[in-house]
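User: Please walk me through this model, strand by strand where that helps. Keep it brisk.

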Amino acid sequence: MAEEAILGYLEKNEEILDTGKFAEEKGISHDEIVNVIKSLNGFRLLDAQDIKKERWVLTEEGEMYAKDGSPEVQLFLAVPPEGIAREDLQKLKPSIYKIGSQQAIKNKWIEMGKLQVARKVDHVDDKVRDSLIQLQNGEAIGSGDIDGLKRRKLISSQIWKGYSVKKGPKYTPKRKKVATDLTRENLQRGDWKEIEFKEYNFLAKGQPTEGGCLHPLLKAWLLYLLFEEMPTNNFVESSFWNFDALFQPQQHPARDSHDTFFLKEPSTTRTLPEDYVERVKQVHESGGYGSRGYGYEWKREEANKNLLRTHTTAVSSRMLYALAQGTFAPKSYYSIDRVFRNEAVDRTHLAEFHQIEGLICDRGLTLGHLIGVLHDFFSRLGMSKLKFKPAYNPYTEPSMEIFSYHEGLQKWVEIGNSGMFRPEMLLPMGLPEDVQVIAWGLSLERPTMILYGIDNIRDLFGHKVDLSLIKRNPLCRLGI
């Protein structure tokens, strides 16, 4: 049905401008239209060009607001003209009260007192709901309204794919079915004289047989195996080891869901070393070891939350704690494995990537040792253009960001972070007071991009990787 509709339409018309509209007019599924066009295009009956359109669809929360109204309007309508006790208003659904009160105060619709809530205006329009309904109906709205709905995560972008179609060099109003083989039945019936056979391409090459190839990331990976390896087999980590043990405060922005992937199931960890947890709580709340701490109420439920680890420093914190439980001996550790960040994807960022973690634990270490180790490390990879920039990390002081010059991008690219672990992190573990730890966390992808001249991280890691890139780049053999 779809094939007849397409070929029949092109018999009388020059072009199908938009297969989406064509499918709607003919009452045929667009997926069916697309499958037929791919087939006809392969046999050169049609010439098809891709069409991509961005459209906005409502999230689950957006659909709820389109149906029931925005939370700020729901909250405003719950406030009678004479006002309402704040305690009574809080009986609204928690999400409606929290979001609605914030937006209504921001819009200057209500005045929120300690005990009483009053209206500041007599009437409000639900512009959020109106905009959501317009998008549901396929109508256009202003860019400012789009930005506002995006920020509130009420809409998400969706790419629609279709085709524009013209007649191809072998176009016919009705496709002839060509035979691929001459059968016994054709000879017996004598219809082999009228059958149209598919042409043989005697110049076609067979599928080449090739052995496996190492991915550039794995080639670079092999060069980093210098120290004793840390176990990195658990992608799921507790907030305690990922943040709290590193003296990272519980109000830190990195611990927000916008930056971290938290787990729904299992949502919390089962066990933590209680004596160590108590020491970490103490140093967060009131300090110690020469520190004043952060001066806030540390909450165990925050530390128990499970997440996809945001850095392999969570592994380092476990290793250093284990090292502190016995007789101290100097150690040099490394790890290379996957980490996860809730980040927007662009040329130099992915939501999941690999991190190289290294640390040296010994007496008498200084920042000079750290700079020397990093210079030696990267020089062996052919990356001599390095810069160090002072930085702040909750768990290192002093701290340095590491930059390397990328010839392809023609700019300095941050490739890692480093520093000396703070006493507030090390001493609660039980390590001796005269022991220092220098540490660094580096992206595996970014140095590899510089080594192989790749300017887009999505061309190195992920489903868009060009397989020919893997085949043509040899392993860099370095004298390590």
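**Sheet, helices and surface**

Analyst: Tyr 405 stands opposite Trp 412 in β14. This is a predicted model.

User: In which sense do β13 and β14 pair?
Analyst: The two strands share 9 bridges. Tyr 405 faces Trp 412 of β14. The sense of the β13 and β14 pairing is antiparallel.

User: Which residue in the hairpin of β13 and β14 takes a positive phi?
Analyst: The hairpin has 4 residues between its strands. A phi near 60° belongs to Gln 410.

User: Which residue of β15 stands opposite Asn 417?
Analyst: β14 and β15 run antiparallel, joined by 5 bridges. Opposite Asn 417, in β15, stands Gly 441.

User: What is the strand order of the open sheet with 7 strands?
Analyst: Pairing in this sheet is mixed. For instance, β13 and β14 are antiparallel, whereas β7 and β10 are parallel. The order is β7-β10-β11-β15-β14-β13-β12.

User: Which strands stand at the edges?
Analyst: An edge strand here has a single partner strand, so one of its sides is left without a neighbour in the sheet. That holds for β7 (228-229) and β12 (386-393).

User: Which residue of β10 stands opposite Glu 229?
Analyst: β7 pairs with β10 (residues 331-340) over 2 bridges, in the parallel sense. Glu 229 has as its opposite Tyr 334.

User: What angle does the direction of helix α15 make with that of β11?
Analyst: Helix α15 spans residues 313-324 and packs on the sheet. Its contacts there are β10, β11 (352-363), β14 (411-421) and β15 (435-443). With the direction of β11, that of α15 makes about 30°.

User: And what angle does the direction of helix α16 make with that of β15?
Analyst: Helix α16, residues 367-379, also packs on the sheet. It touches β11, β12, β13 (396-406), β14 and β15. The angle with β15 is about 35°.

User: Is Leu 187 buried, partly exposed or exposed?
Analyst: Leu 187 is found in helix α10 (residues 184-189). On the surface, it forms a nonpolar patch with Leu 182, Trp 192 and Phe 197, about 390 Å² of accessible area together. Buried needs under 20% relative accessible area and exposed over 50%. At 49%, Leu 187 therefore counts as partly exposed.

User: What percentage of the contacts between residues at least 6 apart in sequence join residues at least 24 apart?
Analyst: The chain has 480 residues, of which 41% count as buried. It holds 19 helices and 15 strands. Among those contacts, the share joining residues at least 24 apart is 70%.

Technical notes
Residues numbered from 1 in each chain as written. Predicted model: local features only at pLDDT ≥ 70, side-chain atom pairs only at ≥ 80, totals over all residues. Heavy atoms only, no water. Patch = residues over 30% accessible without salt bridge, like charges linked within 9 Å, V, L, I, M, F, W, Y side chains within 5 Å. Areas by Shrake-Rupley, 256 points an atom, 1.4 Å probe, with all protein chains shown as cover. Salt bridge = Lys/Arg side-chain N within 4 Å of Asp/Glu carboxyl O. Buried < 20%, exposed > 50% of the residue type's maximum accessible area, 1.4 Å probe, protein only. Pairing = 2+ DSSP bridges. Contact = heavy atoms within 4.5 Å. Axes fitted to C-alpha atoms, helices over the stretch in contact; angles between N-to-C directions.
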